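Got your viewer open and a selection tool at hand? Let's take a walk through this model together, one stop at a time.

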Amino acid sequence: MPLQQDLAVAETEARARPRPSVALVRGPIVSRLRSVNNEATPSIAFAYISAYIAARGYRPTVIDAIGEGLNRMWPLERYPDYQCQGLTFDEILARIPAGTEVIGVAAMFSGEWPVTRDLIKLIRARFPDALIVAGGEHITALTEYSLKDCPELDLCVRGEGEHTFFEVLEAHRAGIDFSAIAGIGHRDEAGAYRQNGALPRMRDLAALPWPHWPDGYMEKFWTAGKSYGVQSARDMPIMASRGCPYQCTFCSNPQMWTTRYVLRDVDDLVAEIESHIKRYDITSLQFYDLTAITKKPWTVAFCTKLIERGIKLRWSLPSGTRSEALDEEVLGLLKQTGCDYLVYAPESGSPDTLKKIKKRVSLARLTESVMAAKRLGIVVRTNLIIGFPHETRRNVFETIRYGLYLAIRGADEVSINIFSPYPGTEIFAELQRTGGVRLSDDYFLALTSLNSDFTSLNPLTVNPRMGARELAFYRIGFMLLNYALGYLVYPARIVRTARYLFGSSTSATVFEHRLKDMFRRGRQAT
Ligand code: SF4
């Protein structure tokens, strides 16, 4: 019987039952001991989920180990090369209210899975009767594996989670089984794995309540100087869209979100921004979208609305954007409305690689857009990757040459990372099929801090022509040259970095943000 009918049959009885008590738990950040890591960001996923279920009568308790334990590092006895940042396991357990009936655990990054799994086991031991549900990118990519690897986990919510998690709560409340809920993975009574239906996607983002940020939550990030991308005094996460229409083979988003791309209504988005100004007096907006700006008419409408409403804020796109919609006219509007930091993600400077990884981007168009942004005074970062499985040295040198060209022409930061196969991506599936990747705790943990630990070689290098040492040599050599060139060709940046480092609560680039964070931690340690 379909879920809706089941719910209708059970409705009268269920209405008499109280809603189950719910806790949402995010574990600590996991990183290698020597990594340069500043990835503590507010959980916009929890802000959306808790708003969605609260609008339907639930009162979730949010335990965010990262937000509640910023800059607190602790060692992992079981994995001695790694450390955690955030609340300890005991502190997390102590904050889950006694008698909680449903516990939702975030499992976003595959690199953190062994630690998340260990946390779930401890939660199960403390709450033997609770329904334990996990969701996030890792869970979506490896649902069956996660359920097998962690028998203490009851249910997985796959893909976009708000409505599916709500249906799980309602089914639990009504006392009916979960088998008809689309978008979940679970074990049936015989213990066999079951995955229900295609990934459900929201069509009407206006039906989503605005994210709910608990009192005092954002303030902790601001006090600790933590933000996504560059930093200002009071940065607010925001999302203008869901999904991405592209299908890059190294990215897990097509599997997590499908290729449906939905933009929010501009009026609704701007109303949310105004509510943050009123409540928090925010200084900047950081867009957490996968691909924030792909449509020129939407972007023009958004900027026009900001101008009409007299909104004056810094804003940035730290997660990477496409360049198609960013012509001189749009960039002018971005600058006029306070956008001061853009991340472009060409990924490669090799046309051959771009074709193979299905990154549909025109390098000429992207370069033009970067130059236009620089002329307008916008700080620009570009992201590149080397070491894809198919790549030759020629492909890698093309990317390095392109990166250096961008640096000389004025891009403020050009990062090069070494490719690693992430679960949920097309390349990962192919490598798994051919035996090039084997799932294990070592594999997962190696995924964490891959590009922020400069003292170790990447153990997940899968290029058959170039080893980890050679790729690390190219990467580090490039980065040194890139920053040296940046400061030599544009000496004014030396003053800017010094000013931000020693005398301000803001930063213009991620490099400056990381340096500030290291200094801050160093000061705290002494
Ligand atoms: S890499 Fe970016 S453009 Fe490509 S699929 Fe992922 S989010 Fe979309």
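How many cavities of 30 Å³ or more does the count come to? The answer is six. Keep in mind as you look around that this is a predicted model.

**The whole chain**

Before zooming in, show everything as a cartoon. You'll be looking at 21 helices and 18 strands. The radius of gyration is 23 Å, close to the 24 Å that the globule rule gives for 526 residues, so the chain is as compact as a globular protein of that length. Switch to the C-alpha trace and you have something that spans about 70 × 55 × 50 Å along its principal axes. Of the 526 residues, 59% are buried. There is also a lot of long-range contact here: take the contacts between residues at least 6 apart in sequence, and 75% of them join residues at least 24 apart.

**Stop one: strand β1**

Select residues 22–26, which make up β1. Are they buried or exposed? Five of the five are buried. In a regular strand, side chains alternate between the two faces of the sheet. Turn on side chains and you can follow that here: Val22, Leu24 and Arg26 point one way, while Ala23 and Val25 point the other.

Now add the partners. Strand β6 (residues 102–106) runs parallel to β1, joined to it by four bridges; look for Val25 opposite Val105. Strand β3 (residues 61–64) is also parallel to β1, again with four bridges, and there Leu24 stands opposite Val62.

**Stop two: strand β2**

Move on to residues 29–32, strand β2. Ile29 and Ser31 sit on one side, Val30 and Arg32 on the other, and all of them are buried. Which strand pairs with β2 in the antiparallel sense? Add residues 82–85: that's β5, and the pairing runs over four bridges. To find your bearings, pick Arg32 and look across to Tyr82 in β5.

**Stop three: two positive phi values**

Next, pick out a couple of backbone oddities. Asn71 is in the loop between α3 (65–68) and β4 (73–75). Asn71 is not a glycine, yet its phi is positive, at about 65°. With a relative accessible area of 14%, Asn71 is buried.

Then jump to Glu347, in strand β16 (residues 339–347). Here phi is near 75°, another positive value in a residue other than glycine. Glu347 is buried too, with a relative accessible area of 9%.

**Stop four: a cavity and a pocket**

Time for some empty space. Rolling a probe the size of a water molecule over the atoms shows where such space is left. The second largest cavity has a volume of about 70 Å³. To frame it, select its lining: Tyr48, Leu205, Leu208, Pro209, Trp210, Pro211, Met239, Ser241, Arg242, Arg264, Asp268 and Glu272. Which elements give two or more residues to this lining? They are β12 (241–242) and α11 (266–280). Color the lining residues by type and you'll get seven nonpolar, one polar and four charged.

For the second largest pocket, select Leu131, Asp154, Leu155, Asp177, Phe178, Ser179, His186, Arg187, Asp188 and Glu189. About 270 Å³ of space lies in there. Its lining divides into three nonpolar, two polar and five charged residues.

**Stop five: two loops**

Select Val462, in the loop between α18 (441–447) and α19 (468–489). Val462 is buried, with a relative accessible area of 18%, which is under the 20% cut-off. What does Val462 contact beyond its neighbours within four places in sequence? Show Pro389, Phe419, Pro421, Leu431 and Gly436. Pro389 is 73 residues away along the chain, but the two C-alpha atoms are separated by 5.7 Å.

Finish at Gly424, found in the loop between β18 (413–418) and α17 (426–433). Gly424 is buried, with a relative accessible area of 10%. Leaving out residues up to four places away in sequence, Gly424 touches Ala141, Cys251, Ser252 and Gln255. For one last distance, go C-alpha to C-alpha from Gly424 to Cys248: they are 176 residues apart in sequence and 11 Å apart in space.

Technical notes:
Residues are numbered from 1 along each chain as its sequence is written. This is a predicted model: local features need pLDDT of at least 70, side-chain atom pairs count only at pLDDT 80 or more; totals for chains, interfaces and linings use all residues. Side-chain values use heavy atoms; hydrogens and water are left out. Buried means under 20% relative accessible area, exposed over 50%, partly exposed in between (1.4 Å probe, protein chains only). Two strands pair if DSSP finds at least two bridges between them. On a 1 Å grid over the protein atoms alone, a cavity is a set of points where a 1.4 Å probe fits but cannot get out, and a pocket is an open set with protein on both sides within 12 Å along at least five of seven lines; lining residues have an atom within 4 Å of a point. Grid points are joined across faces, edges and corners, and a volume is the space filled by probe spheres set on the points. Ala, Val, Leu, Ile, Met, Phe, Trp, Tyr, Cys and Pro count as nonpolar, Asp, Glu, Lys and Arg as charged, and the others, Gly among them, as polar. The radius of gyration is taken over C-alpha atoms; the globule rule is 2.2 Å times the number of residues to the power 0.38. Contact means heavy atoms within 4.5 Å.
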